[in-house]
Amino acid sequence: MNAETPDRARHAHHATPGAEHGERVGVYVCHCGHNIANTVAVEEVAEWAGQQPNVIVARDYKFMCSSLGQELIEQDIQQLGLNRVVVAACSPHMHEKTFRTACQRAGLNPYLFEMANIREMGSWATDDREAATQKAKAQVKGAVDRAVRQQPLEPLYVDINPNTLVVGGGIAGLTAALELANAGYHVYLVERDSSIGGHMAKLDKTFPTLDCAACILTPKMVDVANHPNITLLTWSEVLSVHGYVGNFTVRVRKKARFINEELCTGCGTCVEKCPVRIIDQNFEVGLGYRKAVYRNFPQAVPKYPVIDTEHCTFFQRGKCRACEIVCPTDAIDFNQKDTFVDLEVGNIILATGYEQFDARRVSQYGYGRLANVFTSMEFERMVNAAGPTAGRVVLRDGVTVPRRVGIIHCVGSRDKNHHEYCSRACCMAALKFAHLVHERVPEAEVFNFYIDIRASGKHYEEFYHRVLAEGTHFIRGRVAEVTDAARGPGEEGQLIIQVEDTLIGKQRRIPVDMVILMAGMESRKDARQVAALFGLGCDYDGWFTERHAKLDPVVTMTEGILVAGACQGPKAIPESVAQGSAAAARVAGMIGQRVMKMEPVRASIDASSCSGCRICNNLCPYHAITFHEDRKVSEVITALCQGCGACVAACPSAAISGAHFTRDQVLAQIEGILWDARQPEVLWLEPQ
Amino acid sequence: MENEFQPIIVGFLCNWCSYRAADLAGTARVHYAPTMRPIRVMCTARVEPEFVLKALREGADGVLIAGCHPGECHYVEGNIKALRRFTLLKAMLRQFGVEEERVQLVWAAASEGKQLAEAVDRMTEQLRALGPLRWRQRVLGEQPVARHALEVEVGG
Amino acid sequence: MRYGYYPGCSLERNAGAYHTSLMAVAAQLGVEFAEVDDWNCCGATEFIAVNRLRAYALVSRNLALAARQTNGSNGAARGQLVAPCSACFLNLSKVDHYLSESPALTNDVNNALAAGGLSYEPGSLRVRHLLDVMVNDVGYERVAATVRRPLRGLRVAPYYGCLVVRPGFRERFDDPEYPTSLDRLMRTLGATVVDFPLKAHCCGGHMTQISRDVALELIRRLLKNAADYQADMIVTLCPMCQLNLDAFQESVNSMFGTEYRIPILFFTQLMGLAFGLPPAAVGIGKEFIDARPALARIGAAPPAEAEAAPKRKPRRNDQSLPLPQMPEEE
Amino acid sequence: MAKPTFAMYWAASCGGCEISLLNVGELILDVDAAFDVVFWPCVADFKYQDVEGYPDGFIDLCLFNGAIRNSENEELAHLLRRKSKTLVAFGSCAYEGCAPGLANLTTNAATMRTVYTDSLTTDETRGNLPQPVSQVPEGEISIPVLYETVRSLDQVVPVDYIIPGCPPEARQIAAVLRAVLNGMPLPAPGGTIIGAGNVALCEECPLAKNVKQITRFYRPYEIVPDPGICLLEQGLVCMGPATRSGCGALCPQVGMRCEGCYGPLDGQDQGARMLAAVASVVAAGGSHLDEHAQAREIAAVMDTLVDPAGTFYRFSLAHSLLRRARVADSSA
Amino acid sequence: MATSASLSRTSDFFREVVAEAPVDPRLEACLQCGTCGGSCPSGPDMDHTPRALFAMIAAGMRDAVLRSNTPWYCVSCYYCMERCPQEIRITDVMYTLKRMAIKAGYSAQTSAPRAPGFAQTFVDHVENYGRSFELGLITRYYLSHRPLDALKMAPLGMGLLKRKRLDLSPRPIRQIDQLKAILDRAREIDAAAQLT
């Protein structure tokens, strides 16, 4: 029965599977000590395999992966003229590479090797010797039938453009950009906001060392701005990405600032004189004000302001021009238009960060309804010396100093109604807040309401102890609600935090003046669009998917696209910096190779069989398929293809084939694996 | 138990999640029914409906397709492409009289060895309850015949 | 608009005012409530405490009857069943939801129902609360257009209680913690709505029978909160809430030495009054705490706006920090 | 020297193939001149005994149209195979079962019920079903036995060539006949397809093709398609992408979706391939949805594709991987 | 979601509770965060907060759990279920524990001794008439369970009667036999399930 003709039981000379190939297969069944041999009758499998068509030699051996085992294969290839090798042993994820290399040493193309996983998926998964042996035979037969149809393949090589794009100017992106620039490679850093610095620029102190955030961040920002190897594109967004690893073309839109950067000295007179004052929902997270022409903060990098056309009187009503009048260098340009630049880069590092969970969604905590409930980011701005209150801890009236402050952990995190995951950084930030309240308001009492204190980092636990020693109250229990409905005289005019103190098993009502909600991190609202733009995956929560959570955390499944920082999952500053450096190192390593070797498991289209139906055209997540209008055929750009096979399965005329997973290879494996379930060879049927 | 019907399941496992899940099940010595015969594919999106029909025709009692959870596909959303095909295939197989339990699509992350093993066990039980499929013998009613029948007929 | 109507035991007698007023209001709005023939008790919160399967069978008999009597009417394949009592609404929608989730439970329930020649397919009915129908199907516009005597000057505390907004198995139409649909409905009628932070807190439910002290404390909190905001009355949408706050108000006063006299009315009673119906037509007079003094405010010459309520928002000054932006209500 | 001999037989089919053969026009006269017709029940009165009397291999060219539906069809298939040097499966029925093959989705009993009792046009009070054997005054007569499973010709006897199509296009038949008449060599026999292309139909189809995003499927009567644009893109399940070319894409050009009568490309399962292709371009179940919503949204679109088996296997069911449905009384 | 395998690692009592719940209560997911105990209106009066009770169930403390007043003090406000970060069906667990306490004969020994009697009286009425009959419920409950408290309730009863908010006789449903047949069958199904 020929795998290529599913329904034609007619070619007598094809009765023996694979016979027409005349291939010479060697089968090697591994004992893996007792690991396999205890459950699978390995000798029986080997002997049986030796009787199968195309099999020239079949052996069983104690440890196939040992150097002696490998030599056995190499000898047989050379002495018996084997041109296909099947090893029945452990998972290919364990030793496929080992055996491929052995084949290659003996002069056999590594893609003519196939593995049958009879350990992880055989002997280790059952005690039933008979069934395990039967299953092992089926797997071996499948592998043999598949192997005779395998084709020699050669790896692909692509040139690497040494330039890199970093998307996002937070601490992760800045770190990555600086590392690469210092290594001598050119970097384009694209930032959506008007200045770089990200969330970290909003912070006052950083845990656990209580370093001033600005003191450690601003020098890096200035380095980036002045580095000869860095092209900084703020107030800019990536519009499209084309190409493949080593050769991406990226189109970036530079939004109009309405400030001529050539002329602007960053003196700030325009900001000062602008008559429009609005609440700053972005940098000040709603706690402070800014002008219609503004910079996020005085040390913003770059120093140029930007005009907010939605609120600018001139853009709304055609009058005012105060900024234009006061600008000493005539840098205001109301006619500026968006511009577009195309960048050629070899690798892209995404460091697009996170957003803070919207605390309004946990309505029992009253944020937005109860004035003196604040979010953690509001509080960060409040304690920041450069923030709206110049660092004073006060209630919403801007005057009253709170005597009792409640800090509620896990707002939107560890909660299946919102986000099941832990946001990692909030426990430590809450401890930092407790410390800062004590520092600014020595007479204040602070209550931390927590489920678990997660202080697992260098010097984190020590910081927790320090805050404990400062007299902060810790009440173990997730807060049920925050209310201003007093039950009696002792509660009038205060915010009441109702909670079960789980350590004493009693419900408590703690009156406070101020509540701080430790709102967790969530993925950016447009994370999915960004992921689609760059061709990578997102998990259910919208975090970018890395290639391997433990062993490959900064690389994605798309070659040449890397991730760093909180866009991959909640992270504090140290981990974000570490990832930024790691991503830069990976890119530098790749650039150093100049060319890149890629697995040849790729799809290709037989132009003579392609009917031009265009079914496959939008199936590729990597945009590897193009359609040639002139010839009416589609083509796979090999370097872009990652080998998933989605298009191969979809092609209605089977004109697309996926190397190493071809249709006839898989169909043959199906037949082989079902050797004992299939009908004995049927040729012609008697009348019914 | 000796004579209990032992179904045969062809398992298409995606290289990144489910194949690793099955590896993990073995590594953790999770014992499950030895009924699933694995075929590794890079992604569930590579699984052609034709593979499923082929397996059913060639004697499998069931087909299990296992991939990464939605949102976790290493090829962005190959698993959703598989789900689209699988949904339509299931509707069609219903017309062919193939019970729903015989062809299943499950998600198993690389860490979910136990879940995958449970899926195999569950499916094995379901197939035991349904009985063998053995398409060519039981549906097409094919009987093996001697090869010379052909030679006699064509030879003239 | 035609709906299947499940009044529940309370509306037959103790909350008769609710039934009378909602029927009167429905007639004004052109909504038809067709009572499910021969319905039985939903089991309240007690039945389920004694036997699981019998409780589910008890409720399912109502679902089965309602599905048979309403499905397919007016061409809609999936009939709608309206319950004005929050506990009935919860029990009906919860049983429907859990049956959908558990085929085994459905199987057992249908086996039991078969003994009475009935069966029920989960999900085949849409169970709604009366408030949901009023604000989402009838709509504020239609209500506003029907108002003849706006409740100007009447300060009402809208009280939702628990089971309408929580746990929201199938028909969640408002925030479970801080609902606002009844607030808006009352404003539509012309009333002044006071802030009522405890609007979705518990009235004590059956605790009046189990632990009087616990129950009276729960009722006291609600009365105090409404009194703190100088509400003329509390409007409810559940017979149990009405009964507890109304009939036990004197007990609260004697236990805590308070002097609350806050009338408790059903929201449909206020709708009827605003539509110009005479008080008797909407069951006014059956309440323990007399509502008439409060209702005098909306008589022929409504009194001037009541004295200013305490400001909840903090005093603003130059140094005030901006308040968080909230999405526009309405 | 005697002229070469020609035969044509009509098994389970509609007769369209014979008409299509006559559609070759005047060329039929050349056929008549070149061949000695020895068996063609449709046009001349031959008896089965005549054929039985021929020596084996007597017929030089035999065009066999129709599927194997009953014992008579099968008997003749064996007989004609024995008597013919070159046996051609002519048309979709002989090649792959075609419309008669759709009976494989159900049982004979159900088919009989539909035809003889349940159909609105039958007088159900009579309820008479054809009986295999009947007693009449003249004695016992029998009719052929209806098989439970319809088969293609090549599932019964070896076939040398296949001319696909329902019916085969006259232009393609003419080309083959001309080649034979002119003594041009045919490709090696062995179930070889002749008279058709080797690429899918879309290649011949002049409609403009774009990237496809289907949000619901339509049956032909439900919409009037935009002319000039690929029908599949418009939600009509045009089988062109999975169907062998050769007809010239006649149907799509007049706004009618290809139903797939030229069958699959070499070695493929037409229905499975088309199913994969169609499902791949359904735009539903994006990653912004949760798992359940994805499944629901996808199922909702797929539900609009009525009768997938009948749509994808309208012609090739009997020759497909599964060949027939599994019904309670179909197992042997 | 609890699987048969994961359940096998829990206490016998834990499994009993899960089996008696109408749908999977997801009890094994409890983080012990206390949101339930903090939210509970009658939490301060409970012997154990719901959270503590769940820890006791996990620890297999059958007696202490079934004797606790906690389930009987549940007012069914569903705040806990709404807010639970693990989506545990807390209110259903409370109902489940009440049933188990009655079945195991603990109901009289709970520290909420009045509650089971009230529930049982209510159920009897509904089973007999198909609808609740408040006067009968109150009188029978108080006379049989709390004769001394009956006087306290008298003013309320009189007030309800005066305002025509109380019926003097029950109003049975028409097809009470049908309802009884259904409930009897349910009882049989339950009994059969207990045997297996």
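Two residues are taken to be in contact if their C-beta atoms, placed from the backbone, lie within 7 Å. The structure described here is a predicted model.

In chain D, helix H4 (residues 71-83) lies across three strands, S1, S3 and S5. Strand S5 of chain D covers residues 84-90. H4(D) runs at about 135° to S5(D). These strands belong to an open sheet of 6 strands in chain D. The strand order is S2-S1-S3-S5-S9-S10, and the pairing is parallel. Strand S2 (36-39) and strand S10 (192-193) of chain D form the edges. Each edge strand pairs on one side only. Within the sheet, strand S1 (residues 5-10) and strand S3 (residues 59-65) of chain D run parallel and are joined by 5 bridges. Met8(D) has Leu63(D), in S3(D), as its bridge partner.

Chain D also contains a helix pair. Two packed helices are described by the angle between their axes and the distance between the axes. For helix H2 (residues 27-34) and helix H8 (residues 170-181) of chain D, the angle is about 35° and the axes are 11 Å apart. The contact of H2(D) with H8(D) has 6 nonpolar residues, 1 charged residue and no polar ones. H2(D) contributes Leu27(D), Asp30(D), Val31(D) and Ala34(D). These meet Ala174(D), Leu177(D) and Leu181(D) of H8(D). The crossing of H2(D) past H8(D) is left-handed.

Domain assignments are available for chains A and E. Chain A is divided into domain 1 (12-153 + 663-673), domain 2 (256-337), domain 3 (357-515) and domain 4 (603-658). Over C-alpha atoms, the centres of domain 1 and domain 2 of chain A are separated by 71 Å. For chain E, the assignment gives domain 1 (4-108) and domain 2 (114-195). The centres of domain 1 and domain 2 of chain E, also taken over C-alpha atoms, are separated by 26 Å.

Chain A makes contacts with chains B and C. In the first interface, 56 residues of chain A are in contact with 51 residues of chain B. On the chain A side, the elements giving two or more residues are helix H4 (129-147), helix H15 (646-650) and helix H16 (663-673) of chain A. By class, this side of chain A has 31 nonpolar, 16 polar and 9 charged residues. The contact between chain A and chain C takes 19 residues from chain A and 19 residues from chain C. Here the chain A side divides into 7 nonpolar, 6 polar and 6 charged residues.

Conventions:
Residues numbered from 1 in each chain as written. Chains lettered and ligands numbered in written order. Predicted model: local features only at pLDDT ≥ 70, side-chain atom pairs only at ≥ 80, totals over all residues. Pairing = 2+ DSSP bridges. Helix = DSSP H or I, 4+ residues; strand = E, 2+ residues; numbered from the N terminus. Axes fitted to C-alpha atoms, helices over the stretch in contact; angles between N-to-C directions. Nonpolar A, V, L, I, M, F, W, Y, C, P; charged D, E, K, R; others polar. Domains from an automatic or database assignment. Left-handed = near helix turned anticlockwise from the far one by under 90°.
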